[in-house]
Amino acid sequence: MLHRIGAKLNHLDLYRLNGLDEIQDLGLDEYFLNNEVCAIEWAQKGSVILPADNLLINIDYLSEEKRKISFHPTGQCHDELVVGLINKLKIDKEVKWNFL
């Protein structure tokens, strides 16, 4: 299911959490039950509780002026979302993106 405009956005940061027990104790999995959008920093710490259908976005530091953004979708919904995004960015001449 693609998320609609107006969907609730939750920002979660797992950086300071130490282990899966701490993450499970917080009940973060409840955020995934309501079809809300969750942006999770350090998501790899809680990868076992992520929904099977998700979109991992990595932002790598290349230099002071450059970042590499990579998309790793799982599930048909997010595959289609990424394809649509890439197609949109290729059409929009004002956006300056480099896809590596």
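This report describes the fold, core, largest pocket and selected residues of a predicted model.

## Overall fold

The protein chain has 100 residues. Its secondary structure consists of two helices and four strands, and from the N terminus on the elements follow the order β-α-β-β-β-α. Strand β1 covers residues 9-13, β2 covers 37-41 and β3 covers 54-61. Strand β4 takes in residues 67-74, and helix α2 takes in residues 76-91.

Of the residues in the protein chain, 18% count as buried. The accessible surface comes to about 8100 Å², and carbon and sulfur atoms account for 53% of that surface. Among contacts between residues at least 6 apart in sequence, 45% join residues at least 24 apart.

## Nonpolar core

In soluble globular proteins, nonpolar side chains tend to be buried together. In this model the largest nonpolar core has seven residues. Four of them are leucines, namely Leu12, Leu14, Leu17 and Leu28. The others are Ile23, Phe32 and Ile49.

Ile23 is a member of this core. Leaving aside neighbours within four places in sequence, Ile23 is in contact with Leu14, Leu17, Leu28 and Ile49, which are also listed in the core. With that same exclusion, Ile23 also contacts Lys45 and Gly46.

## Largest pocket

The largest pocket holds about 860 Å³ of space. Its lining is made up of 27 residues, and those nearest the centre are Cys38, Ala39, Ile40, Asn54 and Leu55. By class, the lining has 16 nonpolar residues, eight polar residues and three charged residues.

Four elements, β1, β2, β3 and α2, each supply at least two residues of the lining. Strand β3 gives the largest share, with six residues.

## Asn10 in strand β1

Asn10 lies in strand β1. The residue has a relative accessible area of 6%, which is under the 20% limit, so Asn10 is buried. Not counting neighbours within four places in sequence, Asn10 is in contact with Tyr31, Glu36, Val37, Cys38 and Ala39. Two of these partners, Cys38 and Ala39, are among the residues nearest the centre of the largest pocket.

## Cys77 and His78 in helix α2

Cys77 lies in helix α2, as does His78. Cys77 has a relative accessible area of 11% and is therefore buried. His78 also counts as buried, because its relative accessibility is 10%, under the 20% limit.

Asn54 is linked to both of these residues in the computed values. Cys77 and Asn54 are 23 residues apart in sequence, and their C-alpha atoms are 8.5 Å apart in space. His78 touches Asn54, along with Asp53, Leu55 and Pro73, when residues up to four places away in sequence are not counted. Asn54 and Leu55 are both listed among the residues nearest the centre of the largest pocket.

## The loop between β2 and β3

Trp42 is found in the loop between β2 and β3, and Ser47 lies in that loop too. The phi angle of Trp42 is near 60°, a positive value in a residue other than glycine. Trp42 has a relative accessible area of 39%; this falls between the 20% and 50% limits, so Trp42 is partly exposed.

Ser47 is likewise partly exposed, because its relative accessibility is 44%. Ser47 and Leu20 are 27 residues apart in sequence, with a C-alpha to C-alpha distance of 9.2 Å.

## Ile69 in strand β4

Ile69 lies in strand β4. Its relative accessible area is 33%, between the 20% and 50% limits, so Ile69 counts as partly exposed. In sequence, Ile69 and Asn58 are 11 residues apart. In space, the two residues are 5.6 Å apart, C-alpha to C-alpha.

Key
Residues numbered from 1 in each chain as written. Predicted model: local features only at pLDDT ≥ 70, side-chain atom pairs only at ≥ 80, totals over all residues. Heavy atoms only, no water. 1 Å grid on protein atoms, 1.4 Å probe; cavity = no way out; pocket = protein on both sides within 12 Å on 5 of 7 lines; lining within 4 Å. Points joined across faces, edges and corners; volume = space filled by probe spheres on them. Nonpolar A, V, L, I, M, F, W, Y, C, P; charged D, E, K, R; others polar. Core = buried A, V, L, I, M, F, W, Y, C linked by side-chain atoms within 4.5 Å. Buried < 20%, exposed > 50% of the residue type's maximum accessible area, 1.4 Å probe, protein only. Contact = heavy atoms within 4.5 Å. Areas by Shrake-Rupley, 256 points an atom, 1.4 Å probe, with all protein chains shown as cover.
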